[in-house]
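Open your viewer and get ready to pick residues by number. Here is a short tour, stop by stop.

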Amino acid sequence: MAIFKRMLALLCVPLLFAGFAFAVPGEEDAHTNKGIQITPTSLNYEIMPGQSAPGSIIITNLGKESISYDTETENFHKVDNEGAPYYEGVERKEGVSSLADWIKIAGNGGKGDLAPGEAVEVKFTIEVPAGAEPGGHYAAIFAKQSSGVANLGGNQVGVISRVGTTILVSVPGNVKKSASIVTFIAPKIVWAGPVRFFMTVENTGTVHYDSEAKVELDPWFGNNEVIEMGKHTVVPKNQRDYKGEWKTVLPFGYYKVVASATDGDGKAELVETSLIAIPIIIVLPLILLIILIYLLVRYFRRNYRRVESVPPTS
């Protein structure tokens, strides 16, 4: 009887979790059907001082209810190693203009209402002042939705959500487009594939650019192999991470490893190292064979000496 009760309790636990599993999708679908979308995610410009450039974004209501939206601009200068901007702590200084001030939203100032599934094009102009500092300037245009209402502890509060398009502006002039490979991680000894590489590139210049990273493997014997690690936009005084994988199964031999990343002028920064590839599938049988030979030699030596030590019978 006790065993039967234990089995019944064990069966009830999965059923309890199954009930939660079926309850979650309904709630998740409700959140998925609501929200505001902005496209594109990023825009890149090169504008001379004293000139301007037009642009536009698309704001879409993904929900099933009508919403009101508003737009705003905000500067950023720091980006994490995956490319996501930080907007905290970037304040506008009185008497000093920045990209957020140069962006002028057309029409009704970027405000309006959207029916379910409706999209609207919001146009803007970037007006760079004549005395703008050469180099990179960074901001985002945010679309804010403020029509949602949530219940928290019995109180109704407004829910504000926003999505943004990053604006990258390069002002020509005396700019620096240098790069530095801060970190490159590669294994020294490889027993089996695949082989993974990791690199961090820093923009040590004054303007953003696209940096392309790769790893070249130069073996003592055979053909060179190149592992592409991708291309990322890097803003000044920030870093980006790159990852690559050598899709090999049984690498073998000594390899010279050259990691490279391009700067804004296309010049490659290099870091060199080396690795030794010894397939474990070959090494392990070889070690076992050596051990076997050693044991056989030792066995025959002992038995051969015993045979010689026996005196002949008369």
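This tour of a predicted model visits some salt bridges and then a surface patch.

**Stop 1: the salt bridges**

How many salt bridges does the structure hold? The count is six. We will select some of them in turn.

**Stop 2: E72 and K144**

Select E72 and K144. Their side chains meet in a salt bridge, with 3.6 Å from N to O. Now color the strands. E72 sits in strand β4, which covers residues 67-75. K144 belongs to strand β10, residues 135-152. The two are 72 residues apart in sequence, so this pair ties together separate parts of the chain.

Switch on the surface. Is E72 buried or exposed? Neither word fits: its relative accessible area is 28%, so E72 is partly exposed. K144 has 23% relative accessibility, so K144 also counts as partly exposed.

Next, add E74 and R162 to your selection. Together with E72 and K144, they are linked in a network of salt bridges.

**Stop 3: R196 and E245**

Move on to R196 and E245. They form a salt bridge, and their closest N and O atoms are 3.2 Å apart. Where do they lie? R196 is in strand β14 (residues 195-203), and E245 is in strand β17 (residues 239-246). They are 49 residues apart in sequence, so the salt bridge ties those parts together.

Check the surface again. R196 counts as exposed because its relative accessibility is 56%, and the cut-off for exposed is over 50%. E245, at 28%, counts as partly exposed.

**Stop 4: K256 and E272**

Select K256 and E272. This is another salt bridge, with the closest N and O atoms 3.9 Å apart. The pair links distant parts of the chain. K256 is in strand β18, residues 253-262. E272 is in strand β19, residues 268-277. The two residues are 16 apart.

Which of these two counts as exposed? E272 does, at 51% relative accessibility. K256 has 35%, so K256 counts as partly exposed.

**Stop 5: a nonpolar patch**

Leave the charged pairs. Select L286, L289, I290, L292, I293, L296, V297, Y299 and F300. Show them as a surface. They make a nonpolar surface patch of about 880 Å².

Now click on L292, one of the residues in the patch. Its place is in helix α3, which covers residues 280-309. L292 has a relative accessible area of 45%, so L292 is partly exposed.

Conventions
Residues are numbered from 1 along each chain as its sequence is written. This is a predicted model: local features need pLDDT of at least 70, side-chain atom pairs count only at pLDDT 80 or more; totals for chains, interfaces and linings use all residues. Side-chain values use heavy atoms; hydrogens and water are left out. Patches are made of residues with over 30% relative accessible area and no salt bridge: like charges are joined within 9 Å, nonpolar side chains (Val, Leu, Ile, Met, Phe, Trp, Tyr) within 5 Å. Accessible areas come from the Shrake-Rupley method with a 1.4 Å probe; for residues, only the protein chains shown count as cover. A salt bridge is a side-chain nitrogen of Lys or Arg within 4 Å of a carboxyl oxygen of Asp or Glu. Helices (H or I, at least four residues) and strands (E, at least two) are DSSP runs, numbered from the N terminus. Buried means under 20% relative accessible area, exposed over 50%, partly exposed in between (1.4 Å probe, protein chains only).
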